[in-house]
Structures are given as C-alpha cells and as structure tokens.
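Work through these short exercises with the sequence and the model side by side. Try each task before reading its solution.

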Amino acid sequence: MNDETRSLDTPEVEGLIRQLGERLQADLLRHGVSDPLMVGIHTGGVWVADLLHRQLGLSEPLGVLDISFYRDDFTRIGMNPEVRPSDIPFDLEGRHVLLVDDVIQTGRTARAALNELFDYGRPASVSLLVLVQRNGRELPIQPKLSALQLDQDAQVTLAGPAPLRLFIGHPKQVARAAGEAA
Amino acid sequence: MRPNLQLDEQGRLRHFLSIQGLDRQMLNLILDTAESFAGVSNRTVKKVPLLRGKVIANLFFENSTRTRTTFELAAKRLSADVLNLNISTSATSKGETLLDTLRNLEAMQVDMFVVRHGESGAAHFIAEHCAPHVSVINAGDGWHAHPTQAMLDMFTIRRHKPDFGRLRIAIVGDLRHSRVARSQIVALNTLGAAEVRVIAPRTLMPNDMRSLGVHPFHDLEAGIRDADVVIMLRLQKERMEGAFLPSEQEYYRLFGLTEERLDLLHPEAIVMHPGPINRGVEMDSEVADGPRSVILEQVTYGIAVRMAVMSLCMQQTPGAES
C-alpha cells in the first residue's frame, strides 16, 4: 500500500492531457480516422474530454454519458444521488467514437458506457482513452491510450473542473485531499 | 400509516404510497431522477437496463387504461418484466382473498406491486402485509391519494416554472372526491409553493381545506386571477347524476375554463389537467389544445416520473439481493 499521497496541479494535469491528445491525433492519422465523435463519462471523464475535444478541434459537440442507469451494482449500492442526464447530441451510427474517462481500474464503468452508447446507435468503432489506468481489471477491457499507469493499491481522484488536480496515494488521504480541493 | 412505512432504515424510498411523510429532499430526488429518465424516450433504444430481471405486477382492482399503460411502459423502459392483473375479474372474484393473491404473486418472485384500488388505504394494507423484499407503489386508492400523478404534475410545473416559492397555483374542480388534488396539495406545500388556491362549488369543497394550508374559492374568476398554474380536475359523470351538481351545463357556465377566462391568468400561466378531459365541461377544446396547455406533456412526463419512483423503490431493501 502506498502511504504517500501526492497531487498533480493544474498545469501538470493539463500537460498530461495535452500529451494524450498529441498521441491521439497521431493515432487517428495513422488509422485514417477523420472527424471522430468524442464522448466523456461523468464526471472526471467529461473534464478530460473537454480539453481533448478543444485540442483536436472536433467539429461535432462533446457528448456526455452518465452511466448510473447501466451500473451492474444497482441492487447493492442503489441509485446514484447525483444522476445527470446523458446527452449525445449527434447520430453516432457508423461513426468513430472516442470514449473518454479519467480513471480505469475494474473496467465496469467502461462496460456500462459501452452498453449505453449502443442504445443510441451502432458506431463503426469505439476507442477508450483515459487519463490514468490502474491495475485490477475485472473485465477484458483495455484503454487504447492512457497518460499514466499506476499500481492497483494507489487511489486516484481527479478533482475539478477548475482547477484540475489529480490526487494519487493512500485512499483515505486522497479522499480527504480531494474533498478539501472540491 | 406507520410513519416510516415508505422509507427504509437508511431513509431511502421503499414504498411510494402517499406524498404525506416525504420531505422536500425526497420529492426533489424523485424529480431530479425523473429528469434523467426523461431523455430515454428520445433514444434509438428506449430502455435502460436498471431493473433487468425484476418482475413488476400491476394490480388494478379498478380500471384505468391510461395509468396502467404508463406504469407498464415505465417498467418496460427500465427493462423489468411486467404482469398486468385485472383483479376484479380474476382471483378475488373467485373467492380468493387479497392476501392469498399477494402470497401467490410473491411465490412467483414478483418484486413490486403497483396497486390501483377503489378503497382508500388499500396500497398501505398491501405494503404492510407484503414480503420484505417487495415494494408497493400506490397508483390511486379511493379518495385518498394518487402520488405518482401528483409528482408528474410537479415535474411538469417545475419544467416550466422551476421556482415553486414564487408560484400561485389554482386547483379547480371536484376537490371532495379527488385523490389527485389531495396529493397535489401536499406536494405543493412540501415543495414550498407560494400560494395554493382551491376552487370548487360548495358541494364539491371539503370542509377541511383550510387546514391543508390552501385558500378556498367558490368563484372561479376570483380564484384563478393572476395564477401561474391552473390545474383543472376531471369531473366524474356520476357526480352529475347525484346531488352534487345540477348539470354539466351549469358546471361549465360557472367553473369551465374558457378562452376568455384565460385572460385573467398571469400572461405566462400554464393549464394542466390529469385527463381524460370532459371537453366542454371542465374546459373548452380551444383551451385544452391551446398554447398554454401542457396536458400532453403531463402524459409524457408521467412515464419518466414513474420510472424514477420505481427505480428508487427498488434500491436495496431488507432481504434483497446482496
């Protein structure tokens, strides 16, 4: 267990997202994907997606997913008290979709997001991009690109949207620090 | 009713029987959750998987095609399996008691009962006697309550006029027999509406109205003046045949909402009706179909609100899946 808690400040987080965006642009070019759609997962994923969306200058507006109604643990933990409506303001049938989240660990959020996306239509492809990937996958889901890779034990929380700060370390300390930042 | 029958030990919704006993925070949670469900109807796939594998039984001891249909659609949009039981023509008429019927349905692994009954308190009775993992939603009981109708009305109002604290709301019609009006009044008071007026002939106005914190009127034009929201209640035909009213024409003349009377309202007022409308009795067709009418929106929002109530009730309860 990592007892040290560290935080990355806004310029560092934005730098990571910028690097992720550059790699994404190169990847899209390499695969001949032009004019993709971007969808962020509430809440941190939307903050990351917002910066990436601007960096890539995408023509379509940013889509937003709240996967609360697609969670596989609803009967155990109940309704998320802060459900916000999903907003997919475009037809994603046959389009290339860039799905963005802040952190991936088990893969269950990404699975729920994929399920929800397909209820809006059938995209040609979906690429998952995350700011941070942690070990501990429970489903066969891997991001295409990530800015950071961390051990399973380290808790990660992105606080935002302004300032954007990334807290990494002991779960309790991270929760406290992120709470204070919010 | 036991004070906490509707809530579990953590204060979460377990049954939805009445607006009474629920605080503003809970009502807002229902409205906020409904807001999230409102977009589901616009998708290619008009469903979310939240209640997949759950079984919801519509127990309608009293016919109501519209209410039953919206509950059924709400359950299906949550991916639940739905049983529609018209009890008056089946089990109980063969001599099976209500509790026998409940036990049999519970043995079929039903997770939720949506109950419509002509007797006040029927949904409470079922909630008190059902298995711990089963939730009960009141879809209208006697003259007592119709809480999901009241909540869909609150949702419709909030969509047009978000600040309840500034609203003058007039409820017009048969207050004496209206379970919808009772639930609306409690909901409006809980949500902090600035002023609730009730307007009815003396024969259709209960004596205890003032104790509910509302302002009674017997003159429609005085009661709706400057109102932001006017809710017209449905007049049951049998009231015309009893001693309550002289005739439909007389009721319409004194209490019907006409285009001329709309001029008395606030310029941006909305007109509501729980449906189905008696055109030419409660209101003119021109009003029902006019620009101020939000009556069809009420029907649409009814599905989202019922989805919200169902999903909130189906959160973890004692004995549920762990």
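B:Asp226 counts as partly exposed at 38% relative accessibility. Keep this residue in mind, for it returns in the first two exercises. The model is predicted.

**Exercise 1. Find where B:Asp226 sits and what is unusual about its phi angle.**

Step 1. Place the residue. B:Asp226 is in the loop between helix H7 (220-224) and strand S8 (229-232) of chain B.

Step 2. Read the backbone. Phi of B:Asp226 is positive, about 65°, although the residue is not a glycine.

Step 3. Look at chain A for another such case. A:Asp35 is a residue other than glycine with a positive phi, near 55°. A:Asp35 lies in the loop between helix H1 (10-30) and S2 of chain A.

Step 4. Check the exposure of A:Asp35. Its relative accessible area is 40%. Buried means under 20% and exposed over 50%, so A:Asp35 is partly exposed.

**Exercise 2. Decide whether B:Leu265 is buried or exposed, and list what it touches.**

Step 1. Place the residue. B:Leu265 belongs to the loop between H10 and strand S9 (270-272) of chain B.

Step 2. Apply the cut-off. Buried means under 20% relative accessible area. B:Leu265 has 4%, so it is buried.

Step 3. List the contacts, leaving out residues up to four places away in sequence. B:Leu265 touches B:Ile224, B:Asp226, B:Ala227, B:Val230, B:Val271 and B:Arg292. B:Asp226 from the first exercise is among them.

Step 4. Take one long distance. B:Leu265 and B:Asp81 are 184 residues apart along the chain, and their C-alpha atoms are separated by 44 Å.

Step 5. Set another pair beside it. B:Glu248 and B:Val281 are 33 residues apart along the chain, with 6.1 Å between their C-alpha atoms. B:Glu248 lies in helix H9 (residues 248-255) of chain B. This glutamate is partly exposed, at 24%.

**Exercise 3. Find the cis peptide bonds at A:Thr43 and A:Pro161, and place each residue.**

Step 1. Start with A:His42 and A:Thr43. The bond that joins them is cis, with omega about -5°. A:Thr43 is in the loop between strand S2 (37-41) and helix H2 (44-56) of chain A.

Step 2. Move on to A:Gly160 and A:Pro161. The peptide bond between them is cis, and omega is near 5°. A:Pro161 is in the loop between strand S7 (155-159) and strand S8 (165-169) of chain A.

**Exercise 4. Work out which parts of chain B are tied together by the salt bridge of B:Glu35 and B:Arg159.**

Step 1. Count first. Over all chains, the structure holds 21 salt bridges.

Step 2. Take the pair. The side chains of B:Glu35 and B:Arg159 meet in a salt bridge, 2.4 Å from N to O. B:Glu35 lies in helix H1 (residues 24-38) and B:Arg159 in helix H5 (residues 147-160) of chain B, so the bridge ties together parts 124 residues apart in sequence.

Step 3. Check exposure. B:Glu35 is partly exposed at 25%, and B:Arg159 is partly exposed at 36%.

Step 4. Compare a pair within one helix. B:Glu72 and B:Lys76 form a salt bridge of 2.8 Å, N to O. Both lie in helix H2 (residues 65-77) of chain B, four residues apart, about one turn of the helix. Residues three or four places apart in an α-helix point the same way, because the helix has 3.6 residues a turn. B:Glu72 is buried at 17%, while B:Lys76 is partly exposed at 35%.

Step 5. Add a pair from two loops. B:Asp289 and B:Arg279 form a salt bridge, with their closest N and O atoms 2.9 Å apart. B:Asp289 is in the loop between helix H11 (285-288) and helix H12 (295-313), and B:Arg279 in the loop between S9 and H11 of chain B. B:Asp289 is exposed at 54%, and B:Arg279 is partly exposed at 43%.

Step 6. Look for shared partners. Salt bridges join B:Asp32, B:Glu35, B:Arg158 and B:Arg159 into one network.

**Exercise 5. Which residues of helix H4 of chain B are buried, and what covers them?**

Step 1. Go through H4 (residues 122-129). B:Ala122, B:Ala123, B:His124, B:Ile126 and B:Ala127 are buried.

Step 2. Find the cover. It includes helix H3 (98-107), strand S3 (112-117) and strand S4 (135-141) of chain B.

Technical notes: Residues are numbered from 1 along each chain as its sequence is written. Chains are lettered from A and ligands numbered from 1 in the order in which they are written. This is a predicted model: local features need pLDDT of at least 70, side-chain atom pairs count only at pLDDT 80 or more; totals for chains, interfaces and linings use all residues. Side-chain values use heavy atoms; hydrogens and water are left out. Buried means under 20% relative accessible area, exposed over 50%, partly exposed in between (1.4 Å probe, protein chains only). Contact means heavy atoms within 4.5 Å. A salt bridge is a side-chain nitrogen of Lys or Arg within 4 Å of a carboxyl oxygen of Asp or Glu.
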